[in-house]
Number of protein chains: 2
Amino acid sequence: MPTSSKYDLIVIGGGPAGYAAAIRAGQLGKKVACVEQERPGGTCLNWGCIPSKALLKSAELYNKIQHSEELGISVAGVDFDFSKIVGRSRQVSKTMAGGIGFLFKKNKVDHFTGVGTITVPGMIEITAGKDKGTILTCEKTLIATGCKPRQLPELEVDGERVMTSRQALEMTTQPKSIVIVGAGAIGAEFAYFLNSFGTKVTLVEMLDHILPVEDEETAAVAQNEFKKQGIDCRVSTAVQNIQVSKSAVSMDLVKGDRSESITADSILLAIGVVANTEGLLSPRVKLAQDRGYIKVDENYESSVAGIYAAGDIIGPPWLAHVATFEAIQAVQGMFGHGKPQQVTDFPGCTYCQPQVASIGKTEKKLKEEGIAYKVGKFPFQASGKAVASNQPEGFVKLLVGEQYGEILGAHIVGSDATEMIAEYGLGMKLEATAEEIHNTIHAHPTLSEAMMEAAAAVFGEAIHI
Amino acid sequence: MPTSSKYDLIVIGGGPAGYAAAIRAGQLGKKVACVEQERPGGTCLNWGCIPSKALLKSAELYNKIQHSEELGISVAGVDFDFSKIVGRSRQVSKTMAGGIGFLFKKNKVDHFTGVGTITVPGMIEITAGKDKGTILTCEKTLIATGCKPRQLPELEVDGERVMTSRQALEMTTQPKSIVIVGAGAIGAEFAYFLNSFGTKVTLVEMLDHILPVEDEETAAVAQNEFKKQGIDCRVSTAVQNIQVSKSAVSMDLVKGDRSESITADSILLAIGVVANTEGLLSPRVKLAQDRGYIKVDENYESSVAGIYAAGDIIGPPWLAHVATFEAIQAVQGMFGHGKPQQVTDFPGCTYCQPQVASIGKTEKKLKEEGIAYKVGKFPFQASGKAVASNQPEGFVKLLVGEQYGEILGAHIVGSDATEMIAEYGLGMKLEATAEEIHNTIHAHPTLSEAMMEAAAAVFGEAIHI
């Protein structure tokens, strides 16, 4: 049970930054509390990464069953239970959230439920929620309140006609048609999921290709596969004049000087996030911020001594794994467990099929920055494992420095891209060269051989192309 | 078309060592020929790694369909066409073999079909097969004839009652029951495949656990899962007194002082390999050998100058990826393209479900050698991605040096183990420490995070356990 004595650390927010920070502090023997409004796990575990992967797994299997004849397997009739699919996804989140609760106990993290407000530096009051009224004191505070989905002004999110990813993750009725605004990872994943089960999906992106932060070439493969799957991809297109009625949503899709009206059961907004600072700071506590994000120094410390911040709340790239890394670094730093490391390279993943994963810079970026680079590319069509697995779509593209062959960027599109990227991630961390990757024996037959062959291709030495 | 002028290199054998060597020599601008009895690709591509992965993919999907209700998908009736499954597997091999043919043309490799016999150093005669009678001369020869499945004395392989992996890969009728002798990777993969489709499988292993070269702990998980799947695993058991009748095979399974008679439709011998040297050397050419394997020096050169050997024919570990590596090193060395590298660490993979993959030493081996080590272990049950994917079985185990934290061995059992091992492979190549792997940002949610968490666990710093 919580005690009233002073904490070494209070973490506000129980997501991938917050819970990791609290656990790490517990491991270091610190007296630590975590204040979270909902159950632990944050957006990622409860309303993001984890439940969406459960949905996508159902979609993947459903798609594979449609093509099972190719593998010699026949199915008389296949059907699905949308509410069961969503229900399993919720259950997965619940299980994992329970796991965090267990880890809190194991690491002696006191867990408070409610809105943590920093009344003055070193004092946290729980100003709403179950533990409202509790006042806690601490040596150090870590803000890890994260972000929430961005909404559009004057468009009420009602969870049925108008949704963000949060509502979409607990849909009980499958929409017959949907317009998804924003074709980043979240928009693309929902497009793949819903389209797989027969929803008519229109995926709208302002920029000129889906997955706009990804390399143009990998995104183009994904976009092409999406089209084959039946997703209506509209790029360089704006959504205007959204009208919500009782039974439908209508809007204009505007591309250049052409406008088209479209009506669907629902609209899903996947247009980014905004900082979550509601109720965080009393008026007496002023932290330097930038567009709502809390500014921190190289120790993850804010403009007020003793108050730290990590994760989405300090700004992009808004990725759970980056948030966790930052939070652990912050905690280690504040308790003298090494100098905090900064985020340099990190992978980005989209879990539709084909999957898209990348690390480092895109070709476009390298060109813009005038960096001399070489390309090694290997198509999965030339991979025995990919062909044997009936998944020959996509490729691995490795971008290395012209002079030294160090990894500048890597871009993978294919069935297992999100796992494969890990190897290049370690490669970048260790400053591996293309030559070293090429000379590393990779198991045959695996998709990972394509990572080695792409490295070989930099020198024109790939064997299988 | 082949010419009669002298070759820079003649490669005998067109498998993963031979074809890679020929292609690499072609890339280096050398005049090169490859002599192969069958179509290119060798055992691996035609009768091993590649077609078996196609079979396993069908089995995986069939198993997933049996459990599709868990993912909210219902299937009215599921059936399979065994001959279609095997047919697709053969087609995959054919496609990939065609690819090698294309690569030979692209790299100007002359391809001869038949048995290549070294009549004297620098002269190869094709002594059997389509191009019989052709005589070729060369500066250098690379022997890459590989191995073939070991058989038992006085037990005729008839392809129906008695098979090796070669015959098993083109079974047209599914046996109702089978005894698989040898529970290494090949035996285990066939056990998983056939059992998935309803064959009653008895898997017999002389040593005390299945996958005897793997770490005891990962093998135990696989063995336990095999039992759950219905495979009858018999370890520390010898097969004796095999009797083949027209309709069945009977034998005694002997464990300690107990013997049990068993009868099955077929027996599959997966008891290792023997060197393939039939017709390779004329009596005038004497190469130093060891139990049939050709002895080579650090340049992959045999006891006769100008005659090199690489791949399975120079002895264990009899892995395609090791063979390819050796062959490329040999070719690069013989043509002055760098000092040939030796094989140090290499991954080993078994593609049943759960998959088993490893690199470096087992715990048993470290103990035997008296090497001080630390263990980091992370179970997939604590991985959000594994739980969301409904595949929480298994774990990642990392063994590192006690003093410096360098990777000594890594052992993974789980749904995607064979791809995941690549990261640790690069880690070993680059002499990464557990700390460096721990500090590398891994994408969330991926199974690969377990690689990072296992590294963290070495220091008691894993977040999710």
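1. Let's start with the symmetry of this predicted model. A turn of 180 degrees, with a shift of 0.0 Å along the axis, lays chain B on chain A at an RMSD of 0.0 Å. The two copies are thus related as by a two-fold rotation axis. If you want a landmark for that axis in chain B, go to B:E423: its C-alpha is the nearest one, 2.1 Å away.

2. Next, the interface. On the chain B side 83 residues take part, and they contact 85 residues of chain A. Sorted by class, the chain B side that touches chain A comes out as 43 nonpolar, 25 polar and 15 charged residues. The copies meet through the same surface, because 100% of the interface residues of chain B are also interface residues in chain A.

3. There is strand pairing across the two chains too. Strand β4 of chain A (residues 78–80) and strand β3 of chain B (residues 73–75) run antiparallel and are joined by 3 bridges. For a specific pair to click on, take A:F80, which stands opposite B:I73 in β3(B).

4. On to the domains of chain A. Domain 1 comes in two segments, 7–149 and 274–334, while domain 2 covers 162–271 and domain 3 covers 354–458. Taken over C-alpha atoms, the centres of domain 2 and domain 3 of chain A are 29 Å apart. Their contact draws 10 residues from domain 2 of chain A and 12 residues from domain 3 of chain A. On the domain 2 side of that contact in chain A, I'd point out the 5 charged residues, alongside 4 nonpolar and 1 polar.

5. Now the core. The largest nonpolar core has 310 residues, and those touching the most other members are A:A21, A:L142 and A:A310 along with B:A21, B:L142 and B:A310. Have a look around A:A21: leaving out residues up to four places away in sequence, A:A21 touches A:V11, A:L142, A:A144, A:A310, A:A327, A:I328, A:A330 and A:V331. So two of the residues listed for the core, A:L142 and A:A310, turn up among the contacts of A:A21.

6. Last, a loop residue, A:S303. You'll find A:S303 between β20 (293–294) and β21 (307–309) of chain A. Is A:S303 buried, exposed or partly exposed? A:S303 counts as partly exposed, because it has 13 C-beta neighbours inside 10 Å. Setting aside residues up to four places away in sequence, A:S303 touches A:L287, A:A288 and A:K295. As for A:Q289, which is 14 residues from A:S303 along the chain, the two C-alpha atoms are separated by 8.9 Å.

Conventions:
Residues are numbered from 1 along each chain as its sequence is written. Chains are lettered from A and ligands numbered from 1 in the order in which they are written. This is a predicted model: local features need pLDDT of at least 70, side-chain atom pairs count only at pLDDT 80 or more; totals for chains, interfaces and linings use all residues. Domain bounds come from an automatic or database domain assignment. Two residues are in contact if their C-beta atoms, placed from the backbone, lie within 7 Å. Ala, Val, Leu, Ile, Met, Phe, Trp, Tyr, Cys and Pro count as nonpolar, Asp, Glu, Lys and Arg as charged, and the others, Gly among them, as polar. Two strands pair if DSSP finds at least two bridges between them. Helices (H or I, at least four residues) and strands (E, at least two) are DSSP runs, numbered from the N terminus. Copies are superposed by least squares on the C-alpha atoms of residues with pLDDT of at least 70 in both. A nonpolar core is a set of buried Ala, Val, Leu, Ile, Met, Phe, Trp, Tyr and Cys residues joined through C-beta atoms within 7 Å. A residue is buried if 20 or more other C-beta atoms lie within 10 Å of its own, exposed if 12 or fewer, and partly exposed in between; C-beta atoms are placed from the backbone.
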